[in-house]
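Reader: May I ask some questions about the following model?

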Amino acid sequence: MTARDTRPQDATTPYAGPGHVQVVVLMGGLATRLGDAARTVPKALIDVEGRPFFAIVLDALKRRGLRRFLLLTGHLGDQVRAAFVDGAGLGVRIDYRDDGPEPLGTGGALRAALPLLDERFFLLYGDSYMDIDYERLYREHLHHEREGRAALMSLYRNDDALERSNARFEGGRLVRYDKRADPAGMRHVDFGVSVVRRDLVARIPANTPADLADLMRDATAEGLVAGCELRDRFWEIGRPGPLEAFRAYVRDRAARPRKAVFLDRDGTINEQVRGGAEGVDSPFRPEDVRLIPGAADALKRLKSLGYLLIVVTNQPGATKGKATVPDLWRVDDRVRDLLAAEGVAIDDSLVCPHHPAGVPDRCPGAGLIGPCACRKPAPGLIGTAAAKHGIDLAASFLVGDSDADIGAAEAAGVRAVRVGPNGGTLSEFADRLLQGEA
Ligand SMILES: [Mg+2]
Ligand SMILES: [Zn+2]
């Protein structure tokens with residue numbers, strides 16, 4: 001059996017997500033920073049609320065549509081293999097490559113796996129938990145690859161809060177990445193997942209220990225690495241403090257389901273713009289985003305009642321050539337920034353970039369056009385968010401201005417609230433909830 005698989009999508013699901021993309025996971029570290037906790041147990045198998053850490057990671061990756069894994073093991077790798085075998089019991093496929101007796105470092109391990117790598121693949125750190133939109137990363141990479149980039153690095157703006165900053169991301173461009181440099185002037189940290197082309201890996205010298213960070217530093221300096229800023233926080237268990245924080249997060253999520261208000265975006269939070277077949281359309285440029293008067297204030301009141309605020313939005317603009325894939329999220333980020341400026345933090349925003357028909361001549365990438373499980377009125381975005389945040393759907397609402405929104409609410413089992421020309425306003429809904437009437 002080889003690690004290659006060119007099936008366009010997993011046969012068990014109609015969703016044309018990133019299931020065909022290989023996921024390479026670096027697991028060979030000695031875990032010295034964890035001390036006793038990792039002396040006899042590999043980090044992947046460290047107990048988190050009764051389960052091995054990497055089993056929890058796999059749950060999240062599966063929910064995001066990932067199915068094909070290549071684990072690059074080293075220290076205590078035989079235990080990892082014994083625990084996960086070929087993945088069949090988990091509904092995924094897992095292949096392995098072991099470092100052997102001499103640790104090769106992250107770069108050396110990846111170089112040694114070269115014959116097993118697909119033309120492009122996700123690269124993850126095995127001690128990180130990242131429940132994020134992998135399809136978005138992959139599609140943004142394909143966009144930048146057409147401009148000559150060989151990798152895309154996900155970034156988190158942490159201002160040294162979570163980790164020491166190591167990347168400079170300015171005007172949407174990654175201009176510097178250096179783990180070892182003085183972090184002055186750097187506000188971002190690499191998030192722990194990249195999309196990488198195989199030909200970049202071939203640059204690493206063979207049969208010698210190497211650090212992947214050096215390759216990425218040099219490739220970034222040459223302009224070969226694109227950046228993608230994510231707003232989700234990430235979790236890693238490489239040190240005792242963060243490991244305990246992750247355990248508390250998992251415990252809390254299971255013990256205390258949250259309530260949420262799911263929010264349609266265009267026509268509910270922000271104004272639509274003129275255009276499109278129906279006379280109105282989504283904004284496709286950040287500068288065209290205008291909040292609906294009163295929306296920020298209404299969201300503030302909902303938040304004060306303890307609801308998570310989660311945007312779920314259909315954005316087929318790229319399938320029709322109206323926007324690039326990165327533009328879809330630039331506009332989404334702009335909505336969140338405008339709300340943040342009004343004192344409202346959106347907890348999460350999930351985007352469906354697909355459309356069943358699209359305009360094939362104008363669509364920039366294969367796979368965006370076709371049926372999916374996330375376009376409202378399907379409940380996919382709501383289900384993904386509920387699993388990620390531990391949401392009690394029966395205690396939650398969805399507010400939207402279209403039939404698709406109401407249909408998604410019904411399919412997901414949350415209460416539907418219609419706003420816009422055929423309904424009320426977000427403010428009226430917030431008032432009703434505050435008075436205990438909704
Ligand atoms: Mg709408
Ligand atoms: Zn979709």
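The questions and answers below concern confidence, a sheet, a pair of helices and two loops.

Author: This is a predicted model, in which local features need pLDDT of at least 70, side-chain atom pairs count only at pLDDT 80 or more, and totals for chains, interfaces and linings use all residues. Residues are numbered from 1 along each chain as its sequence is written, and chains are lettered from A and ligands numbered from 1 in the order in which they are written.

Reader: What pLDDT does the chain average?

Author: The term pLDDT denotes the predictor's confidence in each residue, from 0 to 100. A score of at least 70 is reached by 96% of the residues. Over residues 1-15, however, the pLDDT is below 50. The average for the chain is 91.

Reader: Which strands stand at the edges of the open sheet of 5 strands?

Author: Strands are DSSP runs of E with at least two residues, and helices are runs of H or I with at least four, both numbered from the N terminus. Two strands pair if DSSP finds at least two bridges between them. The open sheet has the order 18-17-14-19-20, with parallel pairing. One side of each edge strand is left without a neighbour in the sheet because each has a single partner strand; these are strand 18 (348-352) and strand 20 (415-418).

Reader: Which residue is the bridge partner of Val-399 in strand 20?

Author: Strand 19 covers residues 397-400 and runs parallel to strand 20, with 4 bridges joining them. In strand 20, the partner of Val-399 is Val-417.

Reader: Are helix 8 and helix 12 roughly parallel or roughly antiparallel to each other?

Author: Axes are lines fitted to C-alpha atoms, for helices over the stretch in contact, and angles run from 0 to 180 degrees between N-to-C directions. Helix 8 (residues 295-304) and helix 12 (residues 426-434) pack at about 20°, with axes 8 Å apart. Angles under 35 degrees count as roughly parallel, over 145 as roughly antiparallel, 65 to 115 as roughly perpendicular and the rest as oblique. The two helices, helix 8 and helix 12, are therefore roughly parallel.

Reader: Which peptide bond is cis?

Author: The loop between strand 18 and helix 10 (380-389) contains Pro-377. With omega near 20°, the cis bond is the one from Lys-376 to Pro-377.

Reader: What is phi of Leu-76 near?

Author: Leu-76 lies in the loop between strand 4 (68-73) and helix 2 (77-84). Its phi is positive, in a residue other than glycine, and is near 60°.

Methods. Contact = placed C-beta atoms within 7 Å.
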